[in-house]
Amino acid sequence: MILDYSFWIDFIIKFNYFILYYLIIVNLIYTLLFILSIGALYIHRQKNKYWSYDDMMVSSYTPPLSIIVPCYNEAETITDNIKALLSLEYSEFELVIVNDGSKDDTLEIIKKEFGFKKIDMPYKHQIKTKEVKNIYLSTTIDNIILLDKENGGKADALNAGINMANYPLITAIDADSIIERNSLVKVVRPFVEDPSVIISGGVVRPVNDVVIDKGFIEKIKLGEKALVRFQIVEYLRAFLFGRIGWGTINCLMIISGAFGVFNKKIVIDAGGYSEDTIGEDMELVVKIHRKMKENKKKYRIVFVPDPVCWTQVPEDLKTLKNQRKRWHKGLMDAMLNHTKMLLNPRYGLVGIIAMPYYFFIEMLGPVIEIVGYISFILSFWFGIISFEFALAFFGFAVVYGVFLSSGAILLDEYNFKKYDGVKDYLVLMIYSVLENFGYRQMTTWWRFVSFWQYRRNKNKWGEMKRKSF
């Protein structure tokens, strides 16, 4: 009996052409983002020559800022984090610490370390949240307040902090993160330069194995573990050409939950952080884009490449897998909640460029990539493609991926020089090559699995293994 595989062979051939065109489009977009990023970094360097951050520190135009610190089971890092935040170089700010029903000693540690005493104080319910059980003020520090509330998840904790905030600008800093002393001045600068700016985001870098003393960065080192170094390359690529590029055309769809500054009134008008998603940071930005476009208001959402927030990243595969699956489900929430914007000219470049990119490339990309691997294997089986062609195709994909990653690494070395000399940057270049042989495929598979496991309203505050700074 002779089996007729002609239908499947024809289908595989057509799908291979689809993959080819898909990759061409993806690489063209990445190239354009890279070019836009180079231009934006050049402008950023020129602006810094004529108006220093020292000038901003003493300027009466620099607005006061409320820093919201949501924490859940952060006993290992919360003290160092608060001390570092209190020592930031900024003219006027307050800390609003929100304990989201921690099960460990987080609350008691904070109360003891900073002399908090319970007070009877009104709580503004501008955004609905879980019950705030107690409010505390420090007896030793003026600009700090502590809320103890029922567990409601990260978005609910952030909303409680927004309700309590007194100043027109707000930023949320994760309790496992430390920002550099002058980072607040840098990330707030766009608000001073342009009244239409409503959100500003900064760079996030892995803090693992960085030397920290009493909440301050003493010496920047590469992580010792290979898994951390792969993530350093990822973060540089994502921030130094991805987000910078999108920011130049006002299509930035995500401001990292670890470090972003928002106009408080705009956030409250948008309803605050959504509780029915585990990607509350992206959901809020997309929601604000949508609201501003529908109300036909002029606005800008910008990315500043200089201010840095250092955050702990996973050091084991299980934690990394859970993080990446959570990120992808959060992305899916944001895309599926706002499909009305997809390819809709009413939303300008956000609707016709940014939304399709995140929907078809970021959200569906893992599915297309995994099916593409299967298609290539079947193409060998049926003799549709030769080994030489497959090798050349894979080689091009690897070389282009290395080009993008190494380009981001070189941009960092030229503009910021955060790491210790040429040696560290050469190590990162090596990891930009190695990530294509197993690491990238592994994270793609996790995102592929999370795509099929996706269920709405399955949000929870994810836990990650912490260690003291």
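This is a guided tour of a predicted model, moving from its sheet to its core and then to its helices.

Residues are numbered from 1 along each chain as its sequence is written. Because the model is predicted, local features need pLDDT of at least 70 and side-chain atom pairs count only at pLDDT 80 or more, while totals for chains, interfaces and linings use all residues, and side-chain values use heavy atoms, with hydrogens and water left out.

**The sheet**

Begin by displaying the strands (DSSP runs of E, at least two residues, numbered from the N terminus), and look for an open sheet of 10 strands in the order 3-4-5-2-1-6-11-8-12-7, with mixed pairing. Its edges are strand 3 (116-119) and strand 7 (177-179), each of which pairs on one side only, where pairing requires that DSSP finds at least two bridges between two strands. From one strand to the next the twist averages 30°, as taken from axes that are lines fitted to C-alpha atoms, for helices over the stretch in contact, with angles that run from 0 to 180 degrees between N-to-C directions.

**Strand 12 and its two partners**

Select residues 300-311, which form strand 12. Of its 12 residues 11 are buried, so strand 12 is largely enclosed by the rest of the structure; buried means under 20% relative accessible area, exposed over 50%, and partly exposed in between, with a 1.4 Å probe and protein chains only. On one side, add strand 8 (residues 197-206), which runs parallel to strand 12 and is joined to it by eight bridges. Here V197 has R300 as its bridge partner, and I199 stands opposite I301. Then add strand 7, which is antiparallel to strand 12 and joined to it by three bridges, with I179 and C309 as bridge partners.

Within strand 12, centre the view on D306, which is buried with a relative accessible area of 11%. Its side chain makes a polar contact of 3.3 Å with the side chain of K186; such a contact is a pair of N or O atoms within 3.5 Å, where, within protein, one must be able to donate a hydrogen and the other to accept it, and residues adjacent in sequence count only if both atoms are side-chain atoms. K186 is one of the buried residues of helix 6, so the next selection can be residues 183-193, a helix that is mostly covered, with nine of its 11 residues buried. Helices are DSSP runs of H or I, at least four residues.

**Strand 11 and the core**

Next select strand 11 (residues 260-263), which pairs in the antiparallel sense with strand 6 (residues 169-172) over three bridges and with strand 8, also antiparallel, over three bridges. In these pairings I170 stands opposite F262, and S200 stands opposite V261.

Keep F262 selected, since the largest nonpolar core has 140 residues and F262 is listed with I67, I288 and M335 as having the most contacts inside it. A nonpolar core is a set of buried Ala, Val, Leu, Ile, Met, Phe, Trp, Tyr and Cys residues joined through side-chain atoms within 4.5 Å. Helix 7 (residues 226-248) gives the most to this core, with 12 residues. Leaving out residues up to four places away in sequence, F262 touches a set that includes P168, F191, I198, Y273 and I288; contact means heavy atoms within 4.5 Å.

**Strand 2 and helix 3**

Move to V96 in strand 2 (residues 93-100), a buried residue with a relative accessible area of 0%. Beyond its neighbours within four places in sequence, its contacts include I67, V69, L147 and M164.

Helix 3 (residues 78-86) has seven of its nine residues buried, so it is largely enclosed by the rest of the structure. Among the elements against which its buried residues pack are strand 1 (65-71), strand 2, helix 4 (106-114) and strand 7.

**Two helices side by side**

Finish with helix 1 (residues 6-50) and helix 13 (residues 387-415), whose axes come within 12 Å and cross at roughly 10°. Helix 1 and helix 13 are therefore roughly parallel to each other, given that angles under 35 degrees count as roughly parallel, over 145 as roughly antiparallel, 65 to 115 as roughly perpendicular and the rest as oblique. Where they meet, helix 1 offers residues including L20, Y30, F34 and L41, and helix 13 offers residues including F393, Y400, F403 and L411.
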